[in-house]
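Biologist: I'm new to reading protein models, and I'd like a close look at one part of this one. Could you pick a residue, walk me through its surroundings, and then show me how the rest of the chain looks beside it?

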Amino acid sequence: ILHRHFQPEFQTIAGNVFAESRSVSNESGLYLGVQCYFNRQWKASAYFDSWTHNWLKFNIEAPSSGTEYLVQLNYRPARYTEMYLRFRNETKERNATVNAPIDFLVPNERTQLRFHLSSRINNSLTIKSRIEISRFDNGIEEEEFGFLVYQDLAYNFGNFKFSTRLALFDTESFNARIFAYESDLLFNFSVPAYYYQGSRFYLNCRYRVSRAVMLEARFARTTFYNQETVGTGLEEIDGNKRSEIKIQARIRF
């Protein structure tokens with residue numbers, strides 16, 4: 001059980017707390033969380049969070065409120081195999097997107113259902129699979145839906161390691177986007193949003209030359225099937241593919 005209360009006028013330079021907002025101000029809320037272990041194979045977890053913002057925020061031109069809850073069931077049939085089913089719902093009040101003489105708030109509801117499977121086949125090979133469905137509804141426009149499915153593969157050859165992912169996604173717009181964690185170079189990670197229609201592939205490679213030297217490289221490409229350009233402004237790409245290459249070397253003295 002966690003309660004927080006930050007007045008709208010409160011200011012801090014380097015605040016870092018548990019809250020819905022990034023800034024440590026203008027929020028009051030109550031969080032409730034629970035975990036239940038039935039046996040070594042089954043575990044259930046859930047939380048509920050409710051908050052209010054007593055003053056204006058970016059794109060929210062009135063005091064607002066929101067709720068979020070999650071329920072997850074984990075099953076471990078074997079020592080190195082685990083799967084879980086997760087349901088998550090979040091509702092936030094934001095400015096309506098329709099043209100009106102006066103801005104007003106509407107509840108933006110996001111619902112997600114996920115099934116995830118992770119299994120270590122042997123000491124070298126690990127696979128991860130996921131299917132996720134999303135839904136967005138603001139009570140004014142039509143509901144929007146999306147899905148994401150991906151397959152991960154990681155292999156360890158001793159001094160050489162690699163991990164790769166192939167993902168397919170289809171959402172009606174950015175509103176129904178789905179986030180997924182991606183492994184990256186050492187000391188880096190990313191949680192990109194998958195939206196529109198397309199596929200994404202990445203490959204991470206790591207080679208330990210010696211105890212003091214390690215080399216890494218990453219290649220990632222996203223292909224949008226229903227877009228002719230990617231990005232906006234100075235980052236706009238003429239085409240439906242966006243690629244990135246990273247190279248990193250670590251030397252320990």
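Modeller: Let's start with Arg86. Skip its neighbours within four places in sequence, and Arg86 is in contact with Leu70, Val71, Gln72, Gln112, Leu113 and Arg114. Keep in mind that what you're looking at is a predicted model. Arg86 itself sits in strand β5, which covers residues 81-95. One of those contacts is worth zooming in on: the side chains of Arg86 and Gln72 are joined by a polar contact of 2.6 Å. Now look at Gln112. It is 26 residues away from Arg86 along the chain, yet the C-alpha atoms of the two are separated by 7.9 Å. Is Arg86 buried, exposed or partly exposed? Its relative accessibility is 22%, and because buried means under 20%, Arg86 counts as partly exposed.

Strand β5 also gives us a way to the next stop. Glu82 falls within residues 81-95, the range of β5, and a polar contact of 3.0 Å links its side chain to that of Asn74. Asn74 belongs to strand β4, residues 64-78. What else does Asn74 touch? Leaving out neighbours within four places in sequence, you'll find Gln41, Trp42, Lys43, Glu82, Met83 and Tyr84. With a relative accessible area of 7%, Asn74 is buried.

Let's slide back toward the start of the chain. Ser28 is in strand β2, which runs over residues 27-37. Its side chain and that of His5 are joined by a polar contact of 2.5 Å. Besides His5, Ser28 touches Arg4, Ser50, Trp51, Thr52 and Asn54, if you don't count residues up to four places away in sequence. Ser28 has 13% relative accessibility, so it counts as buried.

Just before β2 comes a loop, and Val24 is found there, between β1 (2-6) and β2. Although it's in a loop, Val24 counts as buried, at 10% relative accessibility. Its contacts, again leaving aside neighbours within four places in sequence, are Phe6, Phe10, Thr12, Gly15, Asn16 and Val17. Gln7 is 17 residues from Val24 along the chain, and their C-alpha atoms are separated by 8.8 Å.

Now jump to a later stretch of the chain. Where is the largest nonpolar core, you might ask, and which residues build it? It has nine residues: Leu148, Tyr150, Ala167, Phe169, Ile178, Ala180, Tyr194, Phe224 and Val230. The elements that give two or more residues to this core are β8 (144-156) and β9 (160-171). As a general rule, nonpolar side chains in soluble globular proteins tend to be buried together. Take Phe169 as a guide to the core's surroundings. Not counting residues up to four places away in sequence, Phe169 touches a long list, including Leu148, Tyr194 and Phe224 from the core itself. Others on that list are Phe147, Thr222, Thr223 and the run Tyr195, Tyr196, Gln197, Gly198, Ser199 and Arg200.

Tyr196 deserves its own look. It lies in the loop between β13 (193-194) and β14 (197-208). Its phi is near 65°, a positive value in a residue other than glycine. Most residues other than glycine have a negative phi. Tyr196 is partly exposed, with a relative accessible area of 27%. Phe187 has a positive phi too, near 70°, and it is placed in the loop between β11 (182-183) and β12 (189-190). Is Phe187 buried or exposed? At 71% relative accessibility, it counts as exposed.

Finally, let's zoom all the way out. The protein's secondary structure comes to 18 strands and zero helices. Its C-alpha trace spans about 65 × 55 × 40 Å along the principal axes. Of the 253 residues, 30% are buried. Look at contacts between residues at least 6 apart in sequence, and 47% of them join residues at least 24 apart. The protein exposes about 16,200 Å², with carbon and sulfur atoms supplying 56% of it. And the charges? There are 31 positive and 28 negative ones, and their mean positions are 16 Å apart.

Notes: Residues are numbered from 1 along each chain as its sequence is written. This is a predicted model: local features need pLDDT of at least 70, side-chain atom pairs count only at pLDDT 80 or more; totals for chains, interfaces and linings use all residues. Side-chain values use heavy atoms; hydrogens and water are left out. Helices (H or I, at least four residues) and strands (E, at least two) are DSSP runs, numbered from the N terminus. Buried means under 20% relative accessible area, exposed over 50%, partly exposed in between (1.4 Å probe, protein chains only). Contact means heavy atoms within 4.5 Å. Accessible areas come from the Shrake-Rupley method with a 1.4 Å probe; for residues, only the protein chains shown count as cover. Lys and Arg count as positive and Asp and Glu as negative; His and the chain ends are not counted. The place of a charge is taken as NZ of Lys, CZ of Arg, CG of Asp or CD of Glu. A polar contact is a pair of N or O atoms within 3.5 Å; within protein, one must be able to donate a hydrogen and the other to accept it, and residues adjacent in sequence count only if both atoms are side-chain atoms. A nonpolar core is a set of buried Ala, Val, Leu, Ile, Met, Phe, Trp, Tyr and Cys residues joined through side-chain atoms within 4.5 Å.
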